[in-house]
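Hi everyone, thanks for coming. I'd like to walk you through one structure today, so have a look at the screen and we'll go through it piece by piece.

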Amino acid sequence: MPLVKKRLTIAAGATSDQVLQGTTYEYVDPGTQLVVAAGDATGTYSGQVTMDFTVNNAEFSKDAVVSEQVTGEAFGWRGGYVLNDMVTTGQVRNRPVITFTNGSASSATIDVAVFIGG
């Protein structure tokens, strides 16, 4: 299963760049499973970072709240860090767009992993 993993630092009130932009997986074939996981990377999380996830302009998550670090739980594609798990259905190449918005008054650092395939 291919993986795109990033650590994002998002300024207060800002929205991140599209996570898959510029990667091999900016466009995926029909029937591709996409699992998006995200969590606090610092242990000082405000709880105010949200994710928006669309594929071909169809909205799959809007303002999904990113998880805090959970002691003893590995960051991965199963468990409390998963924000979305879906399979693309478009008959043409699909463009998943994943962004994060920081609604807090200070910057936030999060880990993001997008598992592709299945």
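Before anything else, a word on vocabulary: helices (H or I, at least four residues) and strands (E, at least two) are DSSP runs, numbered from the N terminus. Keep in mind that this is a predicted model, where local features need pLDDT of at least 70 and side-chain atom pairs count only at pLDDT 80 or more, while totals for chains, interfaces and linings use all residues. Residues are numbered from 1 along each chain as its sequence is written, and side-chain values use heavy atoms, with hydrogens and water left out.

Okay, the big picture. How many helices and strands does the protein chain have? It has 0 helices and 7 strands, so reading along the sequence you get β-β-β-β-β-β-β. The radius of gyration, taken over C-alpha atoms, is 14 Å, close to the 13 Å that the globule rule gives for 118 residues, so the chain is as compact as a globular protein of that length. That rule, by the way, is 2.2 Å times the number of residues to the power 0.38. Along its principal axes, the C-alpha trace spans about 40 × 30 × 20 Å.

Now, how much is tucked away? I'll call a residue buried under 20% relative accessible area, exposed over 50%, and partly exposed in between (1.4 Å probe, protein chains only). By that count, 45% of the 118 residues are buried. As for contacts, meaning heavy atoms within 4.5 Å, take the ones between residues at least 6 apart in sequence: 78% of those join residues at least 24 apart.

Let's go to the sheets. For pairing, two strands count if DSSP finds at least two bridges between them. And as a general reminder, strands of a sheet pair through backbone hydrogen bonds, either parallel or antiparallel.

One open sheet has 4 strands in the order S1-S7-S2-S5, with antiparallel pairing. Which strands stand at the edges? Strand S1 (3–10) and strand S5 (82–87) do, each with a single partner strand, so one side of each is left without a neighbour in the sheet. The twist averages 15° from one strand to the next, where the axes are lines fitted to C-alpha atoms, for helices over the stretch in contact, and angles run from 0 to 180 degrees between N-to-C directions.

My pick from this sheet is S2, residues 33–40. It's mostly covered, with 8 of its 8 residues buried. On one side, 7 bridges join S2 to the antiparallel strand S7, residues 108–116. Look for alanine 37 opposite alanine 113 in S7, and for aspartate 40 opposite isoleucine 110, also in S7. S2 also pairs with S5, again antiparallel, over 5 bridges, and there glutamine 33 has valine 87 as its bridge partner.

There's another open sheet, this one of 3 strands in the order S4-S3-S6, also with antiparallel pairing. S4 and strand S6 (96–102) are the edge strands here, each with a single partner, so one side of each has no neighbour in the sheet. In this sheet, the twist averages 10° from one strand to the next. S3 and S4 are joined by 5 bridges, and phenylalanine 53 stands opposite serine 61 in S4.

Stay with phenylalanine 53 for a second. A search of the whole structure finds 1 aromatic pair, and phenylalanine 53 makes it with phenylalanine 60: a tilted pair, 6.0 Å centre to centre and 45° between the planes. For this, rings of Phe, Tyr and Trp (its six-membered ring) pair if their centres lie within 6.5 Å; planes under 30 degrees apart count as stacked, over 60 as edge-to-face and the rest as tilted. Is each partner buried or exposed? Phenylalanine 53 is buried at 0% relative accessibility, whereas phenylalanine 60 is partly exposed at 38%.

Next, the loop between strand S3 (49–55) and strand S4 (58–65), where asparagine 56 sits. Most residues other than glycine have a negative phi. Asparagine 56, though, has a positive phi of about 50°, and asparagine 57, in that loop too, has a positive phi near 70°. Asparagine 56 is partly exposed, with a relative accessible area of 36%, and asparagine 57 counts as exposed at 79%.

Last stop: glycine 22, in the loop between S1 and S2. It's exposed, at 71% relative accessibility. From glycine 22 to tyrosine 45 is 23 residues in sequence and 28 Å in space, C-alpha to C-alpha. That's my tour, thanks!
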